[in-house]
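Please read the following points with the sequence and the structure open beside you. They are set out by topic, beginning with charged pairs.

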Amino acid sequence: QVRLVESGGGLVQPGGSLRLSCAASKFTFSSSAMSWYRQAPGKERELVAHISSTTGITNYADSVKGRFTISRDNAKNTVYLQMNFLKPEDTAVYYCYLVRLSYWGQGTQVTVSS
């Protein structure tokens, strides 16, 4: 059974940083494009960042460009989201998403507040 387990969320002050991890198992991770989404209270889930499988090409939402970086380690079956210069509006539950199988992780809460 496919598993996606996110970690690394928490409470951080504005301007701070967090790194989210998504550990994957039970599928061919290296050939799978992966994404990070987020959902804030009362809002729709939105795409934050995407990384392709073989070329590692990345795409970002305009709201996070220059602040967030998505990366992957195929040897560890893990995709990361490095989040810098965090803002209160980044507060949301962040989800890892396996594109090929339309499969979601359970989410990890990120709260940016002073």
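**Notes on the charged network and the core**

1. Both R67 and D90 are buried, a word kept here for under 20% relative accessible area (1.4 Å probe, protein chains only), with exposed meaning over 50% and partly exposed in between. This is a predicted model, in which local features need pLDDT of at least 70 and side-chain atom pairs count only at pLDDT 80 or more, while totals for chains, interfaces and linings use all residues. Residues are numbered from 1 along each chain as its sequence is written, and side-chain values use heavy atoms, with hydrogens and water left out.

2. The side chains of R67 and D90 meet in a salt bridge at 2.7 Å, N to O, the term requiring a side-chain nitrogen of Lys or Arg within 4 Å of a carboxyl oxygen of Asp or Glu. D90 also forms a salt bridge with R38, where the closest N and O atoms are 2.9 Å apart. R38, E46, R67 and D90 are linked in a network of such bridges.

3. By contrast with the buried pair R67 and D90, both D62 and K65 are exposed, and their salt bridge has its closest N and O atoms 3.1 Å apart.

4. The largest nonpolar core (buried Ala, Val, Leu, Ile, Met, Phe, Trp, Tyr and Cys residues joined through side-chain atoms within 4.5 Å) has 29 residues, of which M34, W36, V79, L81, M83 and Y94 touch the most other members.

5. T108 is buried, with a relative accessible area of 10%, and its side chain reaches the backbone nitrogen of G9 at 3.3 Å.

How values were computed: Polar contact = N/O pair within 3.5 Å; in protein donor to acceptor, adjacent residues only side chain to side chain.
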